[in-house]
Amino acid sequence: MNLSFDNNVPEPITAWQKWRDRLFGPGLPPVLMGEFTRAIGSYYSPFLVAGPVAAALAIAVAVSVGSTLALAFAAVALVGFGFILLACREALSPIGDDALPGVEARYALGCIMGSAGLGGIVLAVLAAESPMMLQTVVVMVALAALGVANGTGPGRPQVAAAQAICISVPMTLAIIVQWPWPWGLAAGIGVLVYGIICVSVARRSFTTQTELLHARERSRAERVRMDVAVAHLNQAMAILDEALRVVVVNRRALDLLGIEAIDTANPPSFPELLAGAPNLARSSGNREEFLAHAAMLVAARQQFNGVLRLNDDRVIDLECLPIPGGGWVSMLRDSTGERNAIAELNREIRRCPLTGLPNRRAFIEELEKRLGRGDEFALLLVDLDGFKQVNDRHGHAVGDRMMTRIGFRLRTADPALFAARLVGDEFAILAEVADVQAAEALGHRLIDTVDTPARFGEEEVQVGAAVGIAMAPGDGVLAESLLRAADLALLAAKLRPGNSLRRFTPELLQQSTSAANNEARVRMVLRAGTIDVAYQPMVDITTGRVVSVEALARWPDDGSEPLSADCLVAIAEARGLVGRLRRLVMAQAAATVAALPGDISLWVNASVLDLRSEAMVDEMMDALQTAGLSPGRLAVEITETALMTDEGACRTTLQRLCDMGAGVAMDDFGAGFSSLDRLRRLPINALKISGSLLTGTADNAVAADIFRVAAGLGQSMGLVVVAEGVESAEELALARSANIQRVQGFALSPPVSAALLPLSILRAEANARAALGLAAA
Ligand code: C2E
Ligand code: CA
Ligand code: CA
């Protein structure tokens, strides 16, 4: 069986080849040998001149010594030169590779014949016993010819060896035989040695030339491999030389630039390539800037990158890297898709995934942009009312759909609006409006839009909205300040019941600043524990005796502007500090009341947060115990508004207080909602009728009747009824006629400090006796 790859197995090197290589240097493959042969073409002109000169000289010598042998050798030499000239001429002309071995053969033959002729002439001249002078000249010329022919140029070791033999052997023989001994022998040996040296020089020169050819061949092969690799690379790229001339550029790169082909014989420079690229025609400005920038970096041999925008808006990243040792690799990459993806991602992180509206980040960017431009516009913050209930009642799926619906309604309320969802149920709108009135009109329109009921299957959902408006640049030139202004307006709007709208005014800022200031002061006073307590006596209307005192928190006398008790309590409630306030008041009040003569009881106020605290009852009992008071001497005043939000939890606390023997009083009855039903449900044993029910009773019979009805209600429920805020003798008389048991108010005593309390008690009793006409006890 014939294996097809047998052909690829190199032929074994014969012993002769091994010797030949050792003697004459490594042979050349046919391709390189052909090139080597072609190189002799360049010796055509020197040989054309030297040939006839040498021939004429040889003939002249032969004639002068009268030797036919010399003449015959001159003819041989002449024919040899003829072959050499023919070979050189052929090598110059465009002949096919297959003709080259013939040329090489003719050249070698010519060289050998020329040398043999020369050697023959020397032999003939010496044999003819011509004058010594002529003999010497002929020998010198022959030696020079041998040296010139073998040492340089188109020398080949084999040819050189043949030449050396043809010239030096006959010459050596002739010299030894003809010239006197021992000079003849010495000169003959010298000529032989010279011949050997010439061959060795020829061998070395041949080796150098073949190595050069091999090296060139290797780099050519390398280049072909690189070309193929670059051409088939997925990456668009070009390789440039030191002067930025294109050495290789692949199809992908050319396609990207819209170039058909480049002139490989006279390749353009890279800047020329870009300058002429049809696909870059539109972006000339950016291209020139890039090239100018690139030129600088090229000079410094620094890697550089650039971005080129193609006519069809594709974006090309260009990267040029210096190659160590010279030249550049330049890579082009279509990064359009990547850039689009990044842009999309950017958009994504600027968008609320639920409503599709711009999110807070995008909104701030837009706001800053408009403020930076100095635009006049309105910022409307829209806060949804009752959205939590939508989630609670209809579930989050419906909640999400409602939120999406509202986002859509806001965005489409007017195509010129910029609508964003900031957080949770808060939206922001930027609108270019003529004035505040237009902004307010838009605000009302947005409230109506939000307020429209939406249907999701069976379920109908409706939410309200509050709007805060700030105008730019009037209300703020920075995003933060404008947002704060709108926020304050929104806050004020939300304080109004129902759907409402408010525009920012400087007073809102003042209020908020002083609120923040007050908050800090309350924190400080509570942390320092310096809260004071005032006491206001309550007088039993039948005996005129003080039976209890109400403890009221007071701002300490620290020289600063005092904060009202209402304000103090509101801030403490809002900031979760109410427990601290309660403990401070309770501890002082229990000690103060314990120090009073008799068994006057202590009434303290509790907020809804106190009632929700599980620790309150225990803490109060501890305070009483510390002061040495029994639980029966304590009553806790609660307000209806407190009970409205979390009646269940409050009732548990109140029940525990009652169980411990403490009293519970409903404060401010008649001032608020006054639910009779709640009054019946709660474990209370006293009712404080609000002073507001007393106002106007002096000259208004209906008002007085209402007061009496309220008092009667408490009595019918078996509660201790207290009239608070009693300011005059008339009111006191009305209270008595309404069968109220206890009275409290300025008519008897204002709230006083602990130090003044004993005196205030005496005065209140005296006042009561005087007003009610009671006798002193
Ligand atoms: P309140 O419990 O209804 O207290 C009665 C308020 O009316 C007190 O105001 C008192 O000074 C005032 N007052 C007393 N007699 C008269 C009068 O004849 N005419 C008029 N016009 N006013 C009278 P104050 O001390 O400013 O307290 C305001 C509110 O602050 C209290 O209303 C109470 O709800 C709350 N508060 C006071 N101290 C505390 C406390 O320690 N804890 C809690 N949770 N709330 C407190
Ligand atoms: Ca009270
Ligand atoms: Ca009250």
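## Buried, exposed and in between

A residue is called buried when its relative accessible area is under 20%, exposed when that value is over 50%, and partly exposed in between. Keep those cut-offs handy for this tour of two calcium sites in a predicted model. Glu550 falls in the buried class, and Glu637 does too.

## The site of ligand 2

Those two glutamates both serve the calcium ion (ligand 2), which is coordinated by Glu550 (OE), Asn605 (OD1), Glu637 (OE) and Asp667 (OD) at 2.0 to 2.3 Å. Along the chain, the donors of this ion are spaced as E-x54-N-x31-E-x29-D. Glu550 belongs to strand 14 (residues 546-554) and Glu637 to strand 16 (residues 634-638), so the pair ties together parts that are 87 residues apart in sequence.

## The site of ligand 3

Now for the second ion. The calcium ion (ligand 3) is coordinated at 2.3 Å by Asp667 (OD), Asp668 (OD) and Glu724, the last of these listed with OE twice. Here the donor spacing reads D-D-x55-E. Asp668 sits in strand 17 (residues 663-669), while Glu724 is in the loop between strand 19 (720-723) and helix 27 (729-737); this pair links distant parts of the chain, 56 residues apart.

How accessible are Asp668 and Glu724? Asp668 has a relative accessible area of 34%, so this residue is partly exposed. Glu724, at 11% relative accessibility, counts as buried.

## The shared aspartate

Which residue coordinates both ions? Asp667 does, bridging the calcium ion (ligand 2) and the calcium ion (ligand 3), which lie 3.7 Å apart.

Technical notes: Residues are numbered from 1 along each chain as its sequence is written. Chains are lettered from A and ligands numbered from 1 in the order in which they are written. This is a predicted model: local features need pLDDT of at least 70, side-chain atom pairs count only at pLDDT 80 or more; totals for chains, interfaces and linings use all residues. Side-chain values use heavy atoms; hydrogens and water are left out. Donors are N, O and S atoms within 2.8 Å of the metal (3.2 Å for Na, K and Ca); water is not among the atoms, so sites may look incomplete. Helices (H or I, at least four residues) and strands (E, at least two) are DSSP runs, numbered from the N terminus. Buried means under 20% relative accessible area, exposed over 50%, partly exposed in between (1.4 Å probe, protein chains only).
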